[in-house]
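This report has been prepared to accompany the structure shown below. Please keep the sequence and the model in view while reading.

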Amino acid sequence: MADHAIRKLGIIGAGQMGNGIAHVAAVAGFDVKLHDVAEERINAALATIDGNMARQVAKGGLPDEERRTAMARIASAPALADLGDCDLVIEAATESEEVKRKIFTAVCPHLRADAILASNTSSISITRLAAATDRPERFIGIHFMNPVPLMQLVELIRGIATDDGTFETSKDFVSKLHKTISVSEDFPAFIVNRILLPMINEAVYTLYEGVGSVDAIDTAMRLGANHPMGPLQLADFIGLDTCLSVMQVLYDGLADSKYRPCPLLVKYVEAGWLGRKTKRGFYDYRGEKPVPTR
Ligand SMILES: NC(=O)c1ccc[n+]([C@@H]2O[C@H](COP(=O)([O-])OP(=O)(O)OC[C@H]3O[C@@H](n4cnc5c(N)ncnc54)[C@H](O)[C@@H]3O)[C@@H](O)[C@H]2O)c1
C-alpha cells in the first residue's frame, strides 16, 4: 500500500530529462515545480515543454484544452525553498555525483520531513546518494527514459535503506503516469544502461579502430540488428557526457576492464561535442540534415 499519494512534484534540473518528466507529470494531473541553476534555463524548459505538447496536440495525442491545463500546472521554482511543499522531488541534474550530492545537501533542509526524494540518475549508486541526504529511507531511484513523453519504461531502484512506503508510493506515482515499471537492484547503471551503454561504447571502439565509418556502423546496426536508431545516433541523443559518465560508473563500480570508456568518446566530450544538445557529436546537427563527423 502506498503510504501517501503524491500531488505536488518538484523537479531539480530542467534539462532534457527534467522537462520531459515535467511534461508527463503535468499531463497526468500533477502540480509541478521546476528548478534549475538559472531562471533562463527554467524558461527555456517551459518553452520546450510547450513546443513538445503542441506537437502532441498536432498529432492528435492530446486535446488542446488539456495542453493548456497541463502547462498551467507547471510553475517555475527559481529557489530550492520553492520546493518546500512538494510531496516528491525528483533530481534530474547533470550526471555527476558531486553535483547531485551538493543539490541534496542544499535542498533537504527545505523539504517536508515526509517528502520523498528521488534521483533520475542513469548509473550512480542510489544507496550512496541516499547516504548524502537526511532521509535515506525516503530516497529512491526513479529512472525515466529519454524522451520521457514517448518512452514506456521507468526503472525503480531501491537503495539499501529505502522503506516499503517510499517504494509503494513511487510505484503508484509512476503507474499514474501510465508508464511500465521494471524493478532493478542497486548495482552500477541498473538494467537498461548496464546492457545498452557497453554496446554504445563498443560502437565507439569500432569507429576508433577504423572498422567502419559513423554511417557504416549506424546503418549496420539499424538494418542488421533491427535497432530503430544506430548506436552512435543514440549516443548523440543521450548526450556523450552522460554516456561517458555511465561508462566510468560501470568501470569504477564493477572493476572490470571490459567497461573501460573508449578514448574517442573521451575526446568528443573534451571537445564539448556532446551530441544533439550542443549540435555536434558523432553527427553535426547545425545544417538541415545531420552529417557524420567521422
Ligand atoms: N539523457 C538521457 O538519455 C537520460 C536518460 C535517463 C536518465 N538521464 C539522467 O538524467 C539526468 C539529467 O540528464 P539530462 O540528459 O536531462 O541532462 P541535461 O544536460 O539536458 O540537463 C541537466 C540540467 O541540470 C541542470 N543542473 C546542473 N547542476 C544543477 C544544480 N546544481 N541545480 C539545479 N540544476 C542543475 C543543468 O543546468 C541542466 O539544465 C542525469 O542524471 C542523467 O544521467 C539521462
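The sections below treat the domains, the ligand site, one helix and several individual residues of this predicted model.

## Domain organisation

The domain assignment of the protein chain gives two units, domain 1 (3–184) and domain 2 (194–292). Their C-alpha centres lie 26 Å apart. The contact between them takes seven residues from domain 1 and seven residues from domain 2.

Both domains also take part in the ligand site: the shell around the ligand draws at least three residues from each of domain 1 and domain 2.

## The ligand site

Around the ligand there are 26 residues, of which Asp-36, Arg-41, Glu-95, Lys-100 and Ser-122 come nearest. By residue class, this shell divides into 10 nonpolar, 11 polar and five charged. Three secondary-structure elements, α1 (16–27), α4 (97–107) and β6 (139–144), each supply at least two residues of the shell. The largest share, three residues, comes from α4.

Several polar atoms of the protein lie close to oxygen atoms of the ligand, within the 3.5 Å cut-off for a polar contact. A polar side-chain atom of Arg-41 lies 2.5 Å from a ligand oxygen. For Asn-120, an N or O atom in the side chain is 3.0 Å from an oxygen atom of the ligand. Ala-93 takes part through its backbone, with a polar backbone atom 3.2 Å from a ligand oxygen. Taken alone the ligand exposes 830 Å², and the protein buries 87% of that area.

## Helix α9 and its surroundings

Helix α9 (residues 231–238) is mostly covered, with six of its eight residues buried. The buried positions are Pro-231, Leu-232, Leu-234, Ala-235, Asp-236 and Ile-238. The cover over these residues includes four helices, α1, α7 (192–208), α8 (214–224) and α10 (240–254), together with strand β9. Of these, α1 also supplies at least two residues of the shell around the ligand.

Residues flanking the helix have positive phi values. Gly-239 follows α9, and its phi is positive, near 110 degrees. On the other side, Asn-226 is placed in the loop between α8 and α9. Asn-226 has a positive phi of about 60 degrees although it is not a glycine. Because its relative accessibility is 68%, above the 50% limit, Asn-226 counts as exposed.

## Asp-284 in strand β9

Strand β9 (residues 283–284) contains Asp-284. This residue counts as buried because its relative accessibility is 17%, under the 20% limit. The side chain of Asp-284 makes a polar contact with the side chain of Arg-286 at 2.6 Å.

Leaving aside residues up to four places away in sequence, Asp-284 touches Lys-279, Lys-289, Pro-290, Val-291 and Thr-293.

## Residues in loops

Ser-125 is placed in the loop between β5 (116–119) and α5 (126–131). At 18% relative accessibility, Ser-125 counts as buried. Its side chain reaches the backbone nitrogen of Arg-128 at 3.0 Å.

Ala-79 lies in the loop between β3 (74–76) and β4 (88–91). With 34% relative accessibility, Ala-79 counts as partly exposed. Ala-79 and Asp-36 are 43 residues apart in sequence, and their C-alpha atoms are 8.5 Å apart in space. Asp-36 is one of the residues that come nearest to the ligand.

## Backbone geometry

A cis peptide bond joins Asn-146 and Pro-147, with omega about -5 degrees. Pro-147 is found in the loop between β6 and β7 (153–158). Strand β6 is among the elements that each supply at least two residues of the shell around the ligand.

His-178 is found in the loop between α6 (164–176) and β8 (180–184). Its phi is near 60 degrees, a positive value in a residue other than glycine. His-178 is exposed, with a relative accessible area of 63%.

Note on methods. Residues numbered from 1 in each chain as written. Predicted model: local features only at pLDDT ≥ 70, side-chain atom pairs only at ≥ 80, totals over all residues. Heavy atoms only, no water. Buried < 20%, exposed > 50% of the residue type's maximum accessible area, 1.4 Å probe, protein only. Polar contact = N/O pair within 3.5 Å; in protein donor to acceptor, adjacent residues only side chain to side chain. Contact = heavy atoms within 4.5 Å. Near = heavy atom within 4 Å. Areas by Shrake-Rupley, 256 points an atom, 1.4 Å probe, with all protein chains shown as cover. Nonpolar A, V, L, I, M, F, W, Y, C, P; charged D, E, K, R; others polar. Domains from an automatic or database assignment.
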